[in-house]
Amino acid sequence: MKDKPIIVQSDFTVLLETRHPKADEVRPKLSSFADLRKSPDGLHTYRITPLSLWNAASAGATAESIVETLTAYAKFGVPAAVVKDIRAYVNRYGLVRIEREGKQLMLRCDDPEVLKAISAYDSLRSYWEPSPMDHRHTIAVRLTERGSVKQELMRLGYPVVDVAGYQDGEPVPIALRPSLRASGKPFGLRDYQEEAVEAFYRGGAAAGGSGVLVLPCGAGKTVIGIGAMAKLGRATLILTTNSTSVKQWRQELLDKTTLTEDDIGEYGADRKEVRPITIATYQMLTHRKSKDGEFSHMKLFGERSWGLIVYDEVHLLPAPVFRATADIQATRRLGLTATLVREDGREEDVFSLVGPKRYEVPWKRLEAQGWIATVDCTEVRVPMSGETLEAYRKSGAREQHRIAGENPAKLDVARQLLDEHRGNPTLVIGQYLDQLGALSEELGCPVVTGETPNAERERLYAAFRKGEIGVLIVSKVANFAVDLPDAAVAIQVSGSFGSRQEEAQRLGRVLRPKEGNNEAHFYALVSEGTKELEFAMKRQMFLVEQGYRYRSVGWDERRADGLSATPEEGEQAG
DNA sequence: GATTCTGAAA
DNA sequence: TTCCCTTCAGAATC
């Protein structure tokens, strides 16, 4: 009994003892079908939800495999009610399907009772073909409502498996090059990249062709997208988050495939090319002249016979693009992301409109294989001076966040950490421009913010890359800048409200494999005794779920110990 | 015709 | 819930 690390409770929560020897073994299994909710010291709380089960099911898990995992690791067994509900939920995935019969779309369900219940919903009525329902197992769906039906049925608790197939789209020969065009180095997909492409193409439990692949920063999402494009060989629309990323996609396509400059178009501010491979930003699509005006560029979805639409960073897909996506369900869709978690809670819409999760590579797996660096994460608790503390206490909740974030005592901490890691390229990342300006002055290091002109940014990035600048201070540009050079050490001096993505993104800055022991360092500085601790825990949740541990140390203890850290302080986060 | 600035939107 | 960054179109300027 004592050698089991989890407790399964009847309310669908699972408690994981993080110090248990088998904790690291069960963690990736658990997070494939449950979401991490809280991660205080020593005991993490996971929750099994319908959506987490359906994503697991679509990636190939079965009710039995899930129950087996729980049973194998549960200290006090698995409540029978939980087993029963897991089976019921997992079996719901695929219970309702959309199929094609000739030119008609049919909603099929082998359980007549369920079909009857579905046909009784008013919210679905307008999606059915007006023909009378004379089938016991099917309802005819309007061709144009394929997406809306899936979206609404998802809300009602019926995740639809869509096997109605896709239009092929315009053929475009795309082949992967055996060696890179630019450098001549040999090129091929890594094992997990190959597996991801295959999982997308074939699907997990159900027919593939659409869905989401979940991969860590640095896993080569672009390469996987390119792999899928080569597999299909059809006109492709690539949607991504910013113009640097547009350029990067273009470069990668030219470097790694047989496509030529003329095959690839950019649909952006200065050029509006629609080519067999077209790359655009989400902001382009969501642009409108006035607040209530029409979207000027959504027509791009219909401008060519696309065989594939790639949604890069699908967790950032904006609401209006969901709407457009609902209308193009006959086109294959590939979502790429490092996390299914959306800060706006629309994970269900990603599932029903882009597609379910087809494949996930855990961060720790890439780490173990050496594709990304091992990162040592430390949360440093920095006390506030009496003066700052007083100001903090007197302020409203709004200013408190800022005062804690800008705690001047962080300067000394940053200075000492820089001393410790002298010789290693280091990024200092923060949220407030005033704070970053002050740090820049005190530490004598250059700073890059949104105001920094592009030419200057490139100059600084280049100097940092060459090692001419050892420390670079960056604002939220770090969240977007794809071309920001990699570092070995990152010091986060302040962060926003609790964005898990932001934390993951920033950690990503030090993930590139390192020479030598392949180790990188990530420090999060938080003000002792303030709300910042709580925010920091929220931010860390995603990475903790991926198996990262934040060692939490007080600044005074750390200083007393000289340069060595204090591991017995214990891991903590979430 | 190309570049730089501005406000609006998200 | 903030602050910050990015991007678009259109106007102004060279």
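This report describes aromatic pairs, charges over rings, DNA surfaces and a few loop residues in a predicted model.

**Aromatic pairs**

Searching the whole structure gives 5 aromatic pairs. One of them joins Trp54 and Tyr89, whose ring centres are 6.2 Å apart; their planes meet at 70°, so this pair is edge-to-face. An angle over 60 degrees is what places a pair in that class. Trp54 belongs to helix 2 (residues 50-58) and Tyr89 to helix 4 (residues 80-92), so the contact ties together parts that are 35 residues apart in sequence. The two partners can also be described by their exposure. Trp54 is buried, with a relative accessible area of 2%, whereas Tyr89 is partly exposed, at 29%.

Another pair consists of Trp363 and Phe542. Here the ring centres are 5.9 Å apart and the planes stand at 80°, so this pair is edge-to-face. Trp363 lies in helix 14 (residues 363-368), while Phe542 lies in helix 22 (residues 532-545), so the pair ties together parts that are 179 residues apart in sequence. Both Trp363 and Phe542 are buried. Together with Tyr548, Trp363 and Phe542 form one aromatic cluster.

**Charges over rings**

Rings also appear beside charged side chains. The charged end of Arg92 sits over the ring of Tyr158, at 4.4 Å from the centre of that ring. Lys231 lies over the face of Tyr201, and the distance to the ring centre is 4.9 Å.

**The surface near DNA strand C**

There are 24 residues around DNA strand C, and those that come nearest are Ser243, Gln283, Gln431, Ser475 and Phe497. By residue type, the surface near DNA strand C divides into 7 nonpolar, 11 polar and 6 charged residues.

Which parts of DNA strand C lie within 4 Å of the protein? Of the strand atoms within that distance, 80% belong to sugar or phosphate, and the rest belong to bases. Polar contacts with DNA strand C include one from Gln283, whose side chain has an N or O atom 2.8 Å from a sugar or linking oxygen. Bases are reached as well. The side chain of Gln431 has an N or O atom 3.3 Å from a base oxygen of DNA strand C, and a polar side-chain atom of Lys476 is 3.0 Å from a base oxygen of that strand. The elements giving two or more residues to this surface are helix 11 (282-286), helix 16 (397-405) and helix 20 (477-480).

**The surface near DNA strand B**

The residues around DNA strand B are Arg288, Ser290 and Lys291. Among them, Arg288 has a polar side-chain atom 3.1 Å from a phosphate oxygen of DNA strand B.

The table lists side-chain polar contacts with the two DNA strands.

| Residue | DNA atom | Distance |
|---|---|---|
| Gln283 | sugar or linking oxygen of DNA strand C | 2.8 Å |
| Gln431 | base oxygen of DNA strand C | 3.3 Å |
| Lys476 | base oxygen of DNA strand C | 3.0 Å |
| Arg288 | phosphate oxygen of DNA strand B | 3.1 Å |

**Residues in loops**

Thr144 is found in the loop between strand 7 (138-141) and helix 7 (146-155). Is Thr144 buried or exposed? Thr144 is exposed, with a relative accessible area of 55%. The C-alpha atom of Thr144 is separated by 9.6 Å from that of Ala330, although the two residues are 186 residues apart along the chain.

Thr449 occupies the loop between strand 18 (447-448) and helix 19 (454-466). Its relative accessible area is 11%, so Thr449 is buried. Leaving aside residues up to four places away in sequence, Thr449 touches Leu433, Arg457, Ser475 and Val477. One of these, Ser475, is also listed with the residues that come nearest to DNA strand C.

Most residues other than glycine have a negative phi. Two loop residues depart from this pattern. Phe12 is not a glycine, yet has a positive phi of about 75°. Phe12 lies between strand 1 (6-8) and strand 2 (13-17), in the loop, and is buried, with a relative accessible area of 11%. Glu313, also not a glycine, has a positive phi of about 50°. The loop that holds Glu313 runs between strand 13 (308-311) and helix 12 (319-326). With a relative accessibility of 21%, Glu313 counts as partly exposed.

Terms used:
Residues numbered from 1 in each chain as written. Chains lettered and ligands numbered in written order. Heavy atoms only, no water. Phe/Tyr/Trp six-rings, centres within 6.5 Å; stacked < 30°, edge-to-face > 60°. Helix = DSSP H or I, 4+ residues; strand = E, 2+ residues; numbered from the N terminus. Buried < 20%, exposed > 50% of the residue type's maximum accessible area, 1.4 Å probe, protein only. Lys NZ or Arg CZ within 6 Å of the ring centre and 35° of its normal. Near = heavy atom within 4 Å. Polar contact = N/O pair within 3.5 Å; in protein donor to acceptor, adjacent residues only side chain to side chain. Nonpolar A, V, L, I, M, F, W, Y, C, P; charged D, E, K, R; others polar. Contact = heavy atoms within 4.5 Å.
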